[in-house]
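The exercises below are meant to be worked through with the sequence and the structure open side by side. Try each task before reading the solution that follows.

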Amino acid sequence: MFKIAAKSLAIAAAGTLAFAVAVPVASAQRQEISNDMRKCGAGASGPAVQVEVSGFKATTGRVRVQAYPATKGAWLEKGAWINRIDAPVSPRGGKMNFCVPLPEAGAYGIAVRHDVDGSGKSGWNDGGGFSNNPSLSLLSLKPSASKTAIRVGPGVTRIQVVLNYRQGMTIKPIG
């Protein structure tokens with residue numbers, strides 16, 4: 001999930017991950033939550049998004065998953081996220097799963113950020129990805145809300161996000 005401000009482009013190739021939800025920002029309650037997979041399990045009522053994140057280039061650092069309103073004005077804007085999960089990267093490697101409950105059904109966008117060194121700051125080695133896995137480039141690290149928006153119903157919506165990292169002068173998945 002990445003958001004990179006234009007001024008930080010020179011020092012970072014990937015940024016914050018985010019979700020977008022068609023809920024007015026004023027009514028959204030921002031909350032850092034734990035990753036409770038029971039809320040996406042069998043019999044879970046939702047609405048929620050189960051996010052399978054893959055393509056980690058390292059088993060170090062932290063991963064952050066955020067949900068934002070899927071509106072042009074809120075998507076990837078600082079402080080506009082609805083729910084956020086921040087967790088250590090699995091030392092086993094491979095895929096990680098996250099369950100992000102949402103306030104109501106609607107259009108959302110998902111952003112994921114892998115902070116490889118766990119510094120809390122965007123850096124050249126960090127990675128990220130978004131719902132719908134849009135293509136990224138050094139000139140276009142922030143896809144539009146329309147490219148990342150997903151429809152979330154009253155139940156659990158399952159998506160996959162593949163992380164992208166800077167590789168030379170390109171941004172793409174590892175491997």
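## Exercise 1: Aromatic pairs

A search of the whole structure, which is a predicted model, finds two aromatic pairs. Describe the geometry of the pair formed by Y68 and W75, and state which residues make up the aromatic cluster they belong to.

Solution. Begin with the two numbers that are needed, for a pair of aromatic rings is described by the distance of the centres and the angle of the planes. For Y68 and W75 the centres lie 6.0 Å apart, and the angle between the planes is 80°. Planes over 60 degrees apart count as edge-to-face, and the pair of Y68 and W75 is accordingly edge-to-face. Next, look at the surroundings: both Y68 and W75 are buried, and together with F130 they form one aromatic cluster.

## Exercise 2: The nonpolar cores

Find which residues of the largest nonpolar core touch the most other members, and which elements give two or more residues to this core.

Solution. The largest nonpolar core has 26 residues, and those that touch the most other members are V49, V51, F56, F98, I110 and V112. The elements that give two or more residues to this core are the strands β2 (48-54), β3 (62-69), β4 (83-88), β5 (96-101), β6 (106-115), β8 (149-152) and β9 (156-162). Apart from this core there is a second, separate one of 13 residues, whose members include Y68, A80, A111 and F130.

## Exercise 3: Strand β5 and the disulfide

Work out how β5 is placed in the structure, how β5 pairs with β2, and which parts of the chain the disulfide links.

Solution. First, five of the six residues of β5 are buried, so this strand is largely enclosed by the rest of the structure. Second, β2 and β5 pair in the antiparallel sense over six bridges, and V49 has V100 in β5 as its bridge partner. Third, turn to the cysteines: the count comes to one disulfide, formed by C40 and C99 with their sulfur atoms 2.1 Å apart. The link of C40 and C99 is right-handed, with 80° about the S-S bond. The pair links distant parts of the chain, since C40 is in the loop between β1 and β2 while C99 is in strand β5, 59 residues apart. Both C40 and C99 are buried.

## Exercise 4: A buried aspartate

Is D126 buried or exposed, and which backbone nitrogens does its side chain reach?

Solution. Locate D126 in the loop between β6 and β7 (127-130). The relative accessibility of D126 is 2%, and because buried means under 20%, D126 counts as buried. The side chain of D126 reaches the backbone nitrogen of V116 at 3.0 Å and the backbone nitrogen of G123 at 2.9 Å.

## Exercise 5: Backbone exceptions

Most residues other than glycine have a negative phi, and most peptide bonds are trans. Explain what sets the backbone at P47, L76 and N132 apart from this pattern.

Solution. Start with P47, in the loop between β1 (31-32) and β2: the peptide bond from G46 to P47 is cis, with omega near 0°. L76, in the loop between β3 and β4, has a positive phi near 65° and is buried, with a relative accessible area of 0%. N132 has a positive phi near 70° and lies in the loop between β7 and α1 (145-148). At 45% relative accessibility, N132 counts as partly exposed.

Terms used
Residues numbered from 1 in each chain as written. Heavy atoms only, no water. Core = buried A, V, L, I, M, F, W, Y, C linked by side-chain atoms within 4.5 Å. Buried < 20%, exposed > 50% of the residue type's maximum accessible area, 1.4 Å probe, protein only. Helix = DSSP H or I, 4+ residues; strand = E, 2+ residues; numbered from the N terminus. Polar contact = N/O pair within 3.5 Å; in protein donor to acceptor, adjacent residues only side chain to side chain. Phe/Tyr/Trp six-rings, centres within 6.5 Å; stacked < 30°, edge-to-face > 60°. Pairing = 2+ DSSP bridges. Disulfide = S-S within 2.5 Å.
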